[in-house]
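Me: I am new to this structure. Please pick one part, look at it closely, and then work outward from there.

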Amino acid sequence: MSDIQAIQIRLMDDIAAAADLDAIETLRVAALGKAGSITALLKTLGGMTPDERQAKGPEIHTLRETVTAALGARKAALDAAALDIRLAAEAIDMSLPADPAPRGSVHPVSQVMDELAEIFADMGFAVATGPEIEDDWRNFTALNIPETHPARAMHDTFYFPSQMNDADGRAMLLRTHTSPVQIRTMMSQEPPIRIIAPGRVYRSDSDATHTPMFHQVEGLVIDRGIHMGHLKWTLETFLKAYFERDDIVLRLRPSYFPFTEPSAEVDVGYAQEKGRRIVGGNGDDEGHAWMELLGSGMVNRRVIANCGLDPDEWQGFAFGVGVDRLAMLKYGMDDLRAFFDGDLRWLSHYGFGALSVPTLSGGISA
Ligand code: 2NL
């Protein structure tokens, strides 16, 4: 074996054993660098006789080309292996489910208010709103509630201190019903009027079935020739759409409110099923009973006059109902206080998706 063959065998073994790019570079410098072993061999060609050069020259050049090629091939293999390792480490598993994005829900009270707006819009009612801080004239006096009425007593109404009376000396309070919204509407708009007024109301009352803040919706129609037939049809149509049943039976009982005359308490027939009240059916039928649901009546002519309208020309009906109770009856909650605790478990159980917008065509609660 010649010297050159021995050098080639050793270099090829070293290249095959090179574990990384640094080792390849060290071998390249040792063989082909300025002071490299193959470079030294090439330098010996100059001092040879023409015959010697003829004999050794091709061997040395072949050695240089073989080693250069082997270094390049080994470097490419190590590069490829390093890339494989990096790709494996940086791989994204596309089959993993995405992190769940936290999503809120629509509170049942908001959902029911949207349902009510949709149902009444179909009957030509607009939604009216107003301030929660009111004066005692709009909350009581205009509604024919005398100074001596129990609803005015301190234990029912949250009053602000008398230093906060308005410019006309009226006492300020948290509205106890949304009626002042209807008073504002009657005083600022020409009849005919068809509105519902949903919103927060406040009474100094707190137990299992009463919270100091709750939600009410009132309805008001003012037009010529309005009578109790319009009232009953409107409530029947509303409740059939809301409870999504045709067998809603109403019972109107004579009652008293200062702001309506005559006044009627509206009961709805229901059945008790698995400890739950299911609205529907005649309350006098087997397995059924009546439940008081709404207050209503023909707007007292003194209220119409208080708002600057002529009660001989304009008549109307009005009603009021608790939104929280409507929600409980339809969606099956049994504790009113949980409505306002803000417990995320309750909210995600009873809440609605932001896109489940109530429409009459799609089923009101779908
Ligand atoms: C109930 C009863 C009712 C009204 C509210 C009303 C409003 C005006 C004029 C006349 Cl501006 N009436 N609202 C009428 C009857 C009953 O609510 O039980 N509420 C919880």
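**One side chain and its surroundings**

Reply: In this predicted model, the side chain of threonine 185 reaches the backbone oxygen of valine 181 at 2.8 Å. Threonine 185 belongs to helix H7, which covers residues 179-188. Its relative accessible area is 6%, and buried means under 20%, so threonine 185 counts as buried. Leaving aside residues up to four places away in sequence, threonine 185 touches Ala128, Ile193 and Ile195.

The numbers 193 and 195 lead to the next element, strand S4, which runs over residues 193-202. Strand S4 pairs with S5 in the antiparallel sense, over 10 bridges. One position shows how they line up: arginine 200 stands opposite histidine 215 in S5.

Strand S5 itself covers residues 213-223, and 10 of its 11 residues are buried. S5 is also joined to strand S10 (residues 315-322) by eight bridges, and these two strands run antiparallel. Here glutamine 216 has glycine 322 in S10 as its bridge partner.

S10 leads on to the aromatic rings. Phe319, whose number falls within residues 315-322 of S10, is part of a cluster linked by ring pairs, together with Phe120, Phe125, Phe238, Tyr242 and Phe243. The structure holds 10 aromatic pairs. One of them joins phenylalanine 257 and phenylalanine 259, with ring centres 5.6 Å apart and planes at 10°; planes under 30 degrees apart count as stacked, so this pair is stacked. The two residues fall on either side of the 20% cut-off for burial: phenylalanine 257, at 19% relative accessible area, is buried, whereas phenylalanine 259, at 21%, is partly exposed.

Last, a helix from an earlier stretch of the sequence. Helix H4 takes in the 41 residues 50-90. At 1.5 Å a residue H4 should span 60 Å, and its end C-alpha atoms are 59 Å apart, so the two values agree. H4 does have a kink of about 35°, placed at lysine 56, shortly before proline 58. Its buried residues are Gly57, Ile60, Leu63, Val67, Ala70, Leu71 and Leu78. Residues three or four places apart in an α-helix point the same way, because there are 3.6 residues a turn. The buried residues of H4 pack against three helices, namely H1 (3-17), H2 (21-32) and H3 (37-44).

Conventions. Residues are numbered from 1 along each chain as its sequence is written. This is a predicted model: local features need pLDDT of at least 70, side-chain atom pairs count only at pLDDT 80 or more; totals for chains, interfaces and linings use all residues. Side-chain values use heavy atoms; hydrogens and water are left out. Helices (H or I, at least four residues) and strands (E, at least two) are DSSP runs, numbered from the N terminus. The expected span of a helix is 1.5 Å times one less than its number of residues. The bend at a residue is the angle between axes fitted to the seven residues ending there and the seven starting there. Buried means under 20% relative accessible area, exposed over 50%, partly exposed in between (1.4 Å probe, protein chains only). Contact means heavy atoms within 4.5 Å. A polar contact is a pair of N or O atoms within 3.5 Å; within protein, one must be able to donate a hydrogen and the other to accept it, and residues adjacent in sequence count only if both atoms are side-chain atoms. Two strands pair if DSSP finds at least two bridges between them. Rings of Phe, Tyr and Trp (its six-membered ring) pair if their centres lie within 6.5 Å; planes under 30 degrees apart count as stacked, over 60 as edge-to-face and the rest as tilted.
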